[in-house]
Amino acid sequence: MLDDLDRRILGALQKNNRLSFAELADLVGSSAASCMRRVNKLRADGVITADISLVDPKALGKSLTVVVTVELDRERLDLVDEFKRAMRAAKEVTQCYMVTGDADFVLIVAVEDVEAFDIFVKTKLYTNPNVRKFKSMIALDRVKFEPRALL
């Protein structure tokens, strides 16, 4: 179970994971040694799953973000796993969630433009015989993207 210090450490690292342990300790009100032990434990326990840099898709020419809901035709385990593998392999898909409700999956797709999205649809969705239907919604504005909202 996470205590208040763990949560403060995680919050600080989610804002900037390049902090030294001394800088982290100053921010969270602890010692550098304690922060180092706790961060290592959070990594070992799988609480911290990766140390990454968040990149603005627009800076890479990916100016179009599309939210896509996908409904599968059959929900056999092997077909669901096949769809998951295909989405993991699709470079355009930045996030993929298996969900409950009317859709089976929700995808976040980042591409250069509408033409690139059309190619994604034709090569990844229309060609999959288990995709019954899908709906797409073009994002007009990213209002919030805040990983630390988890804390």
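How many bridges join β2 to β3, and which way do the two strands run? Five bridges, and the strands run antiparallel. I'm starting there since β3 turns up again and again in this talk. One caution first: what you see above is a predicted model.

So, β2 and β3. One pair to look for is V93, whose bridge partner in β3 is V109. Between the two strands there's a hairpin with six residues in it, and there G101 takes a positive phi near 105 degrees.

Now turn to the other neighbour. β1, residues 64-72, is joined to β3 by seven bridges, and that pair is antiparallel too. If you want to check the register, V70 stands opposite F105, and V68 stands opposite L107. β1 also pairs with β4, which is residues 131-138; again that's seven bridges, and again they run antiparallel. There, V66 stands opposite I138.

Back to β3. Is β3 enclosed or open to the outside? It is largely enclosed by the rest of the structure, because seven of its seven residues are buried. Both faces are covered. On one side you have F105, L107, V109 and V111, and on the other V106, I108 and A110, all of them buried.

Keep I108 in mind, since we meet it again in the largest pocket. That pocket holds about 890 Å³ of space. It has 25 lining residues, and those nearest the centre are P57, T65, T94, I108 and R142. In terms of elements, β1, β2 and β3 each give two or more residues to the lining. The largest share comes from β2, with three residues. As for chemistry, the lining divides into 12 nonpolar, eight charged and five polar residues.

Let's zoom out for a second. The protein is divided into two domains: domain 1 covers 4-45 and domain 2 covers 57-138. Their centres, taken over C-alpha atoms, are separated by 36 Å.

Last topic, salt bridges. How many does a search of the whole structure find? It comes back with 14. I'll go through a few.

Start at D4 and R8, whose side chains meet with an N to O distance of 2.2 Å. These two are four residues apart in helix α1, residues 4-15, so about one helical turn separates them. R8 is partly exposed, with a relative accessible area of 33%.

Next, R43 and D51, a salt bridge at 3.1 Å, N to O. Both ends are partly accessible here: R43 counts as partly exposed at 36% relative accessibility, and D51 is partly exposed at 44%.

Then there's D78 with R76, where the closest N and O atoms are 2.7 Å apart. D78 has a relative accessible area of 42%, which makes it partly exposed, and R76 is partly exposed as well, at 45%.

And finally a network: E71, D73, R74, R132 and K133 are linked by salt bridges. If you follow it on the model, E71 falls within the range of β1, 64-72, while R132 and K133 fall within β4, 131-138. Those are the two strands I mentioned earlier as joined by seven bridges.

To wrap up, the picture I'd take away is β3 with all seven residues buried, joined to β2 by five bridges and to β1 by seven, with β1, β2 and β3 all giving residues to the lining of the largest pocket. That's what I have.

Notes
Residues are numbered from 1 along each chain as its sequence is written. This is a predicted model: local features need pLDDT of at least 70, side-chain atom pairs count only at pLDDT 80 or more; totals for chains, interfaces and linings use all residues. Side-chain values use heavy atoms; hydrogens and water are left out. On a 1 Å grid over the protein atoms alone, a cavity is a set of points where a 1.4 Å probe fits but cannot get out, and a pocket is an open set with protein on both sides within 12 Å along at least five of seven lines; lining residues have an atom within 4 Å of a point. Grid points are joined across faces, edges and corners, and a volume is the space filled by probe spheres set on the points. Ala, Val, Leu, Ile, Met, Phe, Trp, Tyr, Cys and Pro count as nonpolar, Asp, Glu, Lys and Arg as charged, and the others, Gly among them, as polar. Two strands pair if DSSP finds at least two bridges between them. Domain bounds come from an automatic or database domain assignment. A salt bridge is a side-chain nitrogen of Lys or Arg within 4 Å of a carboxyl oxygen of Asp or Glu. Buried means under 20% relative accessible area, exposed over 50%, partly exposed in between (1.4 Å probe, protein chains only).
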